[in-house]
Structure formats: C-alpha cells, structure tokens
Amino acid sequence: MKKALTIAGSDSSGGAGIQADLKTFSAHGVFGMSVITAITAQNTQGVFAVQDISPEMIGRQIDAIFDDIDVDALKIGMVSVTDTIKVIAEKLQEYHFSQIVLDPVMISKSGYSLLQPEAGEALIKYLLPLAMVVTPNIPEAEVITGLHIETLADMKKAAKAIHDLGAANVLIKGGHMEDDATDILFDGEKYLEYPGRRIDTKHTHGTGCTLSSSITANIARGIPVERAVEQSKRYITTAIEHSLAIGKGVGPTHHFY
Ligand code: PLP
C-alpha cells in the first residue's frame, strides 16, 4: 500500500487540516500518517484558539516516521511559525525527500491568521524551493508575489514568479475568481488550464486542504503531476458538490471516491 504523510494543523471540527488530509488519503486508498504542527480549537463558525506544537516535537515526529517507514509523498499545510518552518525544511533535506506538496496556508476562510506574518518570508525562503507542487489560492499567490491578480493572465504571471522562487510546479487555484474556478498549473515550461464549474454552496470548509492532500495521494500512487492535478480537481469538485451542512456555519466537504 502507498503511504502519504501530512505535516499540518489539527482542526477539531474535522473539516480541514490533518483530519481532512487523513480522510482524503483513505478515500484514495493510500495509508495516511500525520505530523501535527499545531492544534486549533475550531468549528464551522471560526477558529477560536491555536496552540503551536514545539519545533522540537515536530522534528521528533518527522524522525519517528522517516526512521521507520518509506514515505511515498507528503504534504505540508499549516506551519504557523518560523522555527517550525526551519525544522521541517532541515529534516526534509536531511532525508533527501522531494515528493512534497506545499499548501501555503495563511488565513482561514473565517479570517483567522494561521501563519504568523513574519513566517511568510521563511515559508518562501525555506519551503517553496523544496516543493514539487505548491498550491496557493489567489490571496496567497498575491502575498507571495506582491502582484495583484484579477485575470487568468495575472494568474499565469504569478505562477511564473512563484516558479522563479524555486517551486517545481505551481498550481494557482481560481476559487477566489469572480466567475468559473479555473486553476492554472505552470511547470516551468508550459501553462495548463483546469477549468472548473462554480458550485453554488457555502459549505467549502477545508477545500484547500482536501485538494492538496488529494494531489499528494495521487503522487504517492505514482501518478505524474499534470494528471494528479486533473484527477484531484475532479475529486475536490465532487467533494464540494456533496459538501455537508454540518454545524451552524461553513460546513465541510465530503470525502469519497
Ligand atoms: N484549520 C487548519 C488546521 C487548516 O490547515 C486550514 C487550512 O488549510 C484551515 C483551518 C482553514 O480551512 P478553510 O479556510 O477551508 O476554512
């Protein structure tokens, strides 16, 4: 069985973070493992508190897995602080691991900052160059590049700029655009467009986590990046179509294959 790891934060309500990642791995028939970077007290209405796990404990979790188990692919989600980012980067270089999907998580849909502002620079400096695929949404791509994104042409320009920062493949997600949610993938040579219908639902909690963990699972299964992204786009579209009206706020996506 293929094995995938998520290095990310816990969402107590089960819709995003580690919980979404592990559900997604299972739905793809991949064995899931987790390194927890932070614990959030969170539900469908918001994030109420965050406790970061110490960088040392994060390093110990990574060691425990890599000393024992062959990981086929991993994703990095919420990383919170600079020292956490540094320890993750150091460990992944130490283990010469390159099958890395980076979801540059910054702010939750409910508006809570999940990455300390000064840690943004560390994420760009230490983690972006390690990424086989990075999956920013439009606001994240704007923070990383300093560009203002309004059109598909702007998305392509941002994808190139992020590639220049060292990520091998850049997937900019169009979910925040006005009309259709077209995603752009840039591999350093060509741009691919993945058109997507806009689904009329407010229940989209955890969509970014789910898409990046689906791509991770597909890469773990040996599927090349272009096709992994295509299949994962289909997966997230179905997961949003069947999203669940759980709780009083923004409900989670539904995981099944
Ligand atoms: N909580 C955790 C731990 C996350 O990693 C993320 C996103 O990656 C979120 C919350 C935010 O989820 P959303 O913006 O989909 O509500």
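Student: Which strands does helix 7 lie across?

Tutor: Helix 7 (residues 207-220) lies across strand 1, strand 4 (73-76), strand 5 (100-102) and strand 6. Keep in mind that this is a predicted model.

Student: What makes the direction of helix 7 roughly antiparallel or roughly parallel to strand 4?

Tutor: The angle decides. Helix 7 runs at about 165° to strand 4. Angles over 145 degrees count as roughly antiparallel. Therefore helix 7 is roughly antiparallel to strand 4.

Student: What is the strand order of the sheet?

Tutor: The order is 3-2-1-4-5-6-7-8-9, in an open sheet of nine strands. The pairing is mixed.

Student: Why are strand 3 and strand 9 called edge strands?

Tutor: Strand 3 (46-52) and strand 9 (191-194) each pair on one side only.

Student: How do you know that strand 6 and strand 7 pair?

Tutor: Count the bridges. Pairing takes at least two bridges between the strands. Two bridges join strand 6 (residues 133-134) to strand 7 (residues 169-172). Therefore strand 6 and strand 7 count as paired. The two strands run parallel. One bridge partnership is that of Val133 with Asn169 in strand 7.

Student: Which helix packs on the sheet there, touching strand 6 and strand 7?

Tutor: Helix 6 (residues 152-164) does. Helix 6 also touches strand 8 (183-186) and strand 9. The direction of helix 6 makes about 35° with that of strand 8.

Student: Why are helix 3 and helix 4 called roughly parallel?

Tutor: Their axes cross at roughly 10°. The cut-off is under 35 degrees. Therefore helix 3 (residues 82-94) and helix 4 (residues 119-127) are roughly parallel to each other. The two axes come within 9 Å.

Student: What residues make up that contact between helix 3 and helix 4?

Tutor: Helix 3 brings Thr82, Ile85, Lys86, Ile88 and Ala89. They meet Ala119, Ala122, Leu123, Tyr126 and Leu127 of helix 4. By class, that is eight nonpolar, one polar and one charged residues.

Student: Why does Gly15 count as buried or exposed?

Tutor: Gly15 has 28 C-beta neighbours inside 10 Å. The threshold for buried is 20 or more. Therefore Gly15 counts as buried. Gly15 is found in the loop between strand 1 (3-11) and helix 1 (17-27).

Student: Which residues does Gly15 touch, not counting residues up to four places away in sequence?

Tutor: Gly15 touches Ala20, Thr44, His205, Gly206 and Pro252.

Student: What does the UniProt annotation cover?

Tutor: The unreviewed UniProt entry annotates residues 11-254 as "domain: Pyridoxamine kinase/Phosphomethylpyrimidine kinase". Over residues 11-254 the chain is 40% helix and 17% strand.

Terms used:
Residues are numbered from 1 along each chain as its sequence is written. This is a predicted model: local features need pLDDT of at least 70, side-chain atom pairs count only at pLDDT 80 or more; totals for chains, interfaces and linings use all residues. Helices (H or I, at least four residues) and strands (E, at least two) are DSSP runs, numbered from the N terminus. A residue is buried if 20 or more other C-beta atoms lie within 10 Å of its own, exposed if 12 or fewer, and partly exposed in between; C-beta atoms are placed from the backbone. Two residues are in contact if their C-beta atoms, placed from the backbone, lie within 7 Å. Axes are lines fitted to C-alpha atoms, for helices over the stretch in contact, and angles run from 0 to 180 degrees between N-to-C directions. Angles under 35 degrees count as roughly parallel, over 145 as roughly antiparallel, 65 to 115 as roughly perpendicular and the rest as oblique. Ala, Val, Leu, Ile, Met, Phe, Trp, Tyr, Cys and Pro count as nonpolar, Asp, Glu, Lys and Arg as charged, and the others, Gly among them, as polar. UniProt positions are given in the numbering used here, feature names are shortened, and annotations may be inferred rather than shown by experiment.
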